[in-house]
Amino acid sequence: MPLEQLPPPPTRQQSNSVLGVPARSSAMSAGHRRTINMSLPGNEQHTNPEHAHLLANKWLGANKLAELVRLQGLVYKKGKFSAIEEEQLRAAIEKYQSEKGLTEVQILETIFSKTDKSKDTAFWSELTSAVPLRPIIAVYHHVRRSYHPMKQQGPWKSYEDDALKQAVADLGQQWEKVSYRVGRMASDCRDRYRNHIVNSDIRITGHWSAEEEEKLTRIVTDMTIKQGKDIDNDVFWGKVSELMGGTRGRQQCRIKWTDALSKTVKNEGRKPRWSPQDAFILVHKVDSLNVRDDTEIDWKLIPDQDWNLWSAHTLQRRWLTLKKGVKGYEDMTHQEIMDILRIKKADLPPPPTSVTRKKKERKVTSAAAVTDSPETRMGSDTAAVIGSSTGPGTTAGVGVGVQPDDSTDSES
DNA sequence: AACGCAGGTAAGGGTAATATTCATTG
DNA sequence: TCAATGAATATTACCCTTACCTGCGT
């Protein structure tokens with residue numbers, strides 16, 4: 001998509017996508033300003049220069065990467081780009097721009113050029129070197145999205161939906177062409193279409209009925225447990241939505257499952273409730289990660305064998321509320337917030353005395369002891385791929401004892 | 001002619017931010 | 001009883017990875 005062909009920026013409301021203003025993501029500039037201390041040590045570095053070169057120069061696909069991981073112990077990073085990485089990329093782009101004496105328009109042309117090999121193939125390699133553990137393809141996709149002139153336009157208007165419907169009717173699912181007509185990024189058109197346009201006539205919103213919940217539970221367990229698959233990782237949500245008759249979309253199904261139904265299933269049919277113990281455990285787990293910034297946390301790594309009721313998603317939100325409970329958190333570093341929370345949550349609250357509660361009593365997980373003992377949980381076979389978080393060896397290593405505290409469970 | 005590779009588009013899979021509703025507590 | 005607070009639930013824009021394809025150089 002040559003730049004000059006891009007449709008003009010939308011005329012609506014805000015102007016955060018003015019061409020030539022590559023912009024920090026609005027998520028960052030709005031709400032929470034993050035303090036990033038770039039002088040902190042601990043930037044991931046490759047111990048193997050050969051691997052670093054591979055990642056930054058070869059366009060390795062998934063298979064090839066997996067093979068290198070297996071055969072050569074390649075280490076690379078997946079998952080969301082942290083605020084620190086974004087800053088590193090921004091700086092690298094700026095550096096490239098000033099070294100080559102490029103204008104804003106020219107740098108965008110470089111980013112969006114189509115097979116313009118005469119320009120500079122080294123561009124992407126240079127950027128990738130700024131984020132050492134990332135494969136070049138990941139950097140390529142990330143930068144192209146985050147510098148796209150049509151990025152982040154907020155909620156869809158009904159006329160945009162209409163335009164989208166019409167465009168898909170005319171062109172089929174050729175998202176680049178559709179994008180040009182609608183004025184939204186191709187991927188956003190695709191998302192809007194699959195998540196909201198398809199089956200919009202039969203889509204249900206609002207609270208789930210017991211029948212729906214049962215049906216979803218059945219579909220998910222049929223698809224996973226009954227096939228010997230992993231209930232947390234082997235669910236195809238597009239398929240699930242389809243099996244629900246299209247009345248619930250894939251996102252609805254997924255969120256409903258991971259945030260609500262799955263923990264009930266894991267808790268032997270009873271709904272667990274977030275407790276002060278859980279908050280305590282969470283704080284100490286996050287603390288033990290020793291990350292520079294909470295955007296570096298891979299929430300999937302937080303749960304362990306004895307403390308696994310809460311989805312990564314839930315934990316992340318719980319963390320946010322804990323963080324917001326710290327006065328002035330907006331202007332504090334992760335370390336400063338951590339220092340306060342560590343003190344605030346220094347003592348393990350007493351286990352819930354279940355007599356006082358009604359029937360909903362947590363089971364299974366409560367903390368008996370929490371120790372900060374960083375351990376290397378990643379087995380050698382999985383160590384190769386680092387989730388979007390910790391440096392090697394700093395996995396959440398809090399030992400949380402299981403205490404079946406339910407002796408007084410007053411189910412009635 | 002066959003092959004490997006860069007790199008573009010689409011499909012598959014997932015999360016973040018926020019609003020609303022519901023429960024608990026002082 | 002009521003208001004404040006925190007937890008649960010729902011919504012949807014936005015993001016990352018993988019699959020698949022094409023054109024090109026060797």
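# Close-up views of a predicted protein–DNA model

**View 1. Arginine side chains lie over tryptophan rings.** In this predicted model, arginine 184 is placed over the face of tryptophan 156, 4.4 Å from the centre of the ring. Look next at tryptophan 208: the charged end of arginine 248 sits over its ring, at 4.4 Å from the centre.

**View 2. Aromatic rings gather in one cluster.** Which residues make up the aromatic cluster? They are Trp59, Tyr96, Phe123, Trp124 and Tyr140. The structure as a whole holds five aromatic pairs. In one of them, the ring centres of phenylalanine 123 and tryptophan 124 are 4.9 Å apart and the planes meet at 65 degrees, so this pair is edge-to-face. Phenylalanine 123 is buried, because its relative accessible area is 1%, under the 20% cut-off. Tryptophan 124 has 9% relative accessibility, so this residue counts as buried too.

**View 3. Tryptophan 124 also pairs with tyrosine 140.** Here the rings of tryptophan 124 and tyrosine 140 are edge-to-face, with 5.0 Å from centre to centre and 70 degrees between the planes. Tryptophan 124 belongs to helix H6 (residues 122-130) and tyrosine 140 to helix H7, so the pair ties together parts that lie 16 residues apart in sequence. Are these two residues buried or exposed? Both tryptophan 124 and tyrosine 140 are buried.

**View 4. DNA strand B meets arginine side chains.** The protein has 30 residues around DNA strand B, and Tyr140, Trp175, Arg190, Arg194 and Arg250 come nearest. Tyrosine 140 may be familiar from its pair with tryptophan 124. A polar side-chain atom of arginine 190 is 2.5 Å from a base oxygen of this strand, and an N or O atom in the side chain of arginine 250 is 2.7 Å from a base oxygen. Arginine 254 has a side-chain N or O atom 2.9 Å from a phosphate oxygen of DNA strand B. Of the strand B atoms within 4 Å of the protein, 60% belong to sugar or phosphate, and the rest belong to bases. The surface near this strand has six nonpolar, eleven polar and 13 charged residues. H7, helix H9 (175-182), H10, H13 and H15 each give at least two residues to that surface.

**View 5. DNA strand C has phosphate contacts with the protein.** Which of the 34 residues around DNA strand C come nearest? They are Arg145, Thr205, Gly206, Gln251 and Lys256. For arginine 145, a side-chain N or O atom is 2.3 Å from a phosphate oxygen of the strand. For lysine 256, a side-chain N or O atom is 2.8 Å from a phosphate oxygen. Phenylalanine 81 uses its backbone instead, with an N or O atom 3.4 Å from a phosphate oxygen. Helices H7 (136-146), H10 (186-197), H13 (250-266) and H15 (312-324) give two or more residues each to the surface near this strand. Sugar or phosphate accounts for 77% of the strand C atoms within 4 Å of the protein.

**View 6. Nonpolar residues form a core.** In soluble globular proteins, nonpolar side chains tend to be buried together. The largest nonpolar core in this model has 23 residues, and Leu282, Trp299, Ile302 and Trp319 have the most contacts inside it. Helix H14 (276-289), H15 and helix H16 (334-344) each supply at least two residues of this core. The largest share, seven residues, comes from H14.

Note on methods. Residues are numbered from 1 along each chain as its sequence is written. Chains are lettered from A and ligands numbered from 1 in the order in which they are written. This is a predicted model: local features need pLDDT of at least 70, side-chain atom pairs count only at pLDDT 80 or more; totals for chains, interfaces and linings use all residues. Side-chain values use heavy atoms; hydrogens and water are left out. A residue is near a molecule or strand if one of its heavy atoms lies within 4 Å of it. A polar contact is a pair of N or O atoms within 3.5 Å; within protein, one must be able to donate a hydrogen and the other to accept it, and residues adjacent in sequence count only if both atoms are side-chain atoms. Helices (H or I, at least four residues) and strands (E, at least two) are DSSP runs, numbered from the N terminus. Rings of Phe, Tyr and Trp (its six-membered ring) pair if their centres lie within 6.5 Å; planes under 30 degrees apart count as stacked, over 60 as edge-to-face and the rest as tilted. Buried means under 20% relative accessible area, exposed over 50%, partly exposed in between (1.4 Å probe, protein chains only). A charge sits over a ring if NZ of Lys or CZ of Arg is within 6 Å of the ring centre and within 35 degrees of the ring normal. A nonpolar core is a set of buried Ala, Val, Leu, Ile, Met, Phe, Trp, Tyr and Cys residues joined through side-chain atoms within 4.5 Å. Ala, Val, Leu, Ile, Met, Phe, Trp, Tyr, Cys and Pro count as nonpolar, Asp, Glu, Lys and Arg as charged, and the others, Gly among them, as polar.
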